[in-house]
Each structure stands twice: as structure tokens, then as C-alpha cells.
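Visitor: I'd like to understand how the labels people put on a protein model are earned. Could you walk me through one?

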Amino acid sequence: MTSNPPVVDERRTDCEQRIYYVLGGRHLGSAIARHLQAAGRAVYVIDQFHDRSEIDGVRGDPADVRTLEAAGVAAASTVVVATASDSRNLLIAQLVRARFDVEHVVVLVNTPDRFDMFADAGHEPVCATSVLSGTLAGAV
């Protein structure tokens, strides 16, 4: 591990104390983290290809319990799971919810047919295909 997770300041309000973790996603995960950071949120990235020069975080496997523990995922108010694989995203989301008791888990879904499965598992799915196709169709 190359960095410590953000520290919560007890003097801040509840909104200011929220810590967002972005798990995986390479360029997409980094873009999500940059947007959150630009909005003034405390963000921590865990990805196998993470570059700490932009956003705080660690280079590691977001599906590895030891990596998640060392990174302090249990302190997260929200976790965004954004790898390129739906099955991996579901596995990581389930792990984060069950092992670390994170209530708000937003999960990237690439295949629209799997959206309901993610929602039924208690996660907040965002379908990349639906969002991108709607945006592109609206731009034409």
C-alpha cells in the first residue's frame, strides 16, 4: 500500500465527512474520482492501474479483501464499483456490502439485461450502455 485512506474530521458536518471509494475502472474510475473530488468530496481509488499523481488511493486488486481492509473501505459512506466486467462488479459490490457493511454501493452495469439483477441484490446500478446510447442519440 502506498497511501493511507482519508481521515474523517469529527468537527465537520455529516455531508463533509462522507468518504467515497472508487473501485476499479481504470480511466472511467479515475474520471469518476476526479468529478467527485472537483465537487469537494473526499475520494480514494483502489485499482490495479491507479496513478496517485491525480487522486489519492492505492494500486491493488479491488476484489482482494486484504487490499480493501488496508485501504479502509469500512469507513466509506459510498462505494462506486466500476470495473469493465459485470460479474466482477457484482462480486466486488457483494463483498463490500457484506464484509464491510457499506450501505450505499453504486455499481457499473455494462449489459442492460443485468440491470435488475444488480438492483435486486440491493445495489444502485448504473447501466453504461443505456447512459451512453441515450447521450449519443441525443447528440445526433
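Guide: Let's go through the labels on this predicted model one at a time.

Visitor: What makes up the chain, and in what order do the elements run?

Guide: The chain has six helices and six strands. From the N terminus on, they run α-β-α-β-β-α-β-α-β-α-β-α. Of its 140 residues, 38% are buried.

Visitor: Why is strand S1 called largely enclosed?

Guide: Buried means under 20% relative accessible area. Five of the five residues of S1 (residues 19-23) pass that test, so S1 is largely enclosed by the rest of the structure. Both faces are covered: Ile 19, Tyr 21 and Leu 23 are buried on one side, and Tyr 20 and Val 22 on the other. That fits a general pattern: in a regular strand the side chains alternate between the two faces of the sheet.

Visitor: How do you know that S1 and S2 are paired?

Guide: Two strands pair if there are at least two bridges between them. S1 and S2 are joined by five bridges, and they run parallel. For instance, Val 22 has Val 45 in S2 as its bridge partner, while Tyr 20 has Val 43 in S2. As for S2, five of its six residues are buried, so S2 is also described as largely enclosed by the rest of the structure.

Visitor: What makes S2 and S3 a pair?

Guide: Three bridges join S2 (residues 42-47) to S3, and the two run parallel. The cut-off is at least two bridges, so they count as a pair. One of the links goes from Ile 46 to Val 58 in S3.

Visitor: Why are S3 and S6 called edge strands?

Guide: Look at the order of the open sheet: S3-S2-S1-S4-S5-S6, six strands with parallel pairing. S3 (57-59) and S6 (124-127) each have a single partner strand, so one side of each is left without a neighbour in the sheet. From one strand to the next, the twist averages 15°.

Visitor: Why is Val 126 called partly exposed?

Guide: Val 126, in strand S6, has a relative accessible area of 36%. Buried would be under 20% and exposed over 50%, so 36% puts Val 126 in between, as partly exposed. Leaving aside neighbours within four places in sequence, Val 126 is in contact with Val 106, Val 107, Leu 108, Val 109, Phe 115 and Val 131. Take Val 107: 19 residues away in sequence, but 6.1 Å away in space, C-alpha to C-alpha.

Visitor: What makes helix H6 lie largely in the open?

Guide: Of its twelve residues, the number buried is one, so H6 lies largely in the open. H6 (residues 128-139) lies across S5 (104-109) and S6, running at about 45° to S6.

Visitor: How do you know that the lengths of H6 and H4 fit what is expected of a helix?

Guide: For H6, the distance from first C-alpha to last is 16 Å, close to the 16 Å expected at 1.5 Å a residue. For H4, 15 residues should span 21 Å, and the end C-alpha atoms are 20 Å apart, which agrees.

Visitor: Which residues of H4 are buried, and what covers them?

Guide: The buried ones are Asp 86, Asn 89, Leu 90, Ile 92, Ala 93, Leu 95, Val 96 and Phe 100. Their cover includes S1, helix H3 (65-71), strand S4 (78-81), S5 and helix H5 (115-120).

Visitor: What makes Asp 101 worth pointing out?

Guide: Most residues other than glycine have a negative phi. Asp 101, just after H4, takes a positive phi of about 55°. Asp 101 sits in the loop between H4 (86-100) and S5. The relative accessible area of Asp 101 is 63%, and the cut-off for exposed is over 50%, so Asp 101 is exposed.

Visitor: And how do you know that the charge of Arg 26 sits over a ring?

Guide: One condition is that CZ of Arg is within 6 Å of the ring centre. The charged end of Arg 26 sits over the ring of Phe 49, 4.0 Å from its centre. Arg 26 is in helix H2 (residues 26-38) and has a positive phi too, about 45°, although it is not a glycine. With a relative accessible area of 46%, Arg 26 is partly exposed.

Terms used:
Residues are numbered from 1 along each chain as its sequence is written. This is a predicted model: local features need pLDDT of at least 70, side-chain atom pairs count only at pLDDT 80 or more; totals for chains, interfaces and linings use all residues. Side-chain values use heavy atoms; hydrogens and water are left out. Helices (H or I, at least four residues) and strands (E, at least two) are DSSP runs, numbered from the N terminus. The expected span of a helix is 1.5 Å times one less than its number of residues. Buried means under 20% relative accessible area, exposed over 50%, partly exposed in between (1.4 Å probe, protein chains only). Axes are lines fitted to C-alpha atoms, for helices over the stretch in contact, and angles run from 0 to 180 degrees between N-to-C directions. Contact means heavy atoms within 4.5 Å. A charge sits over a ring if NZ of Lys or CZ of Arg is within 6 Å of the ring centre and within 35 degrees of the ring normal.
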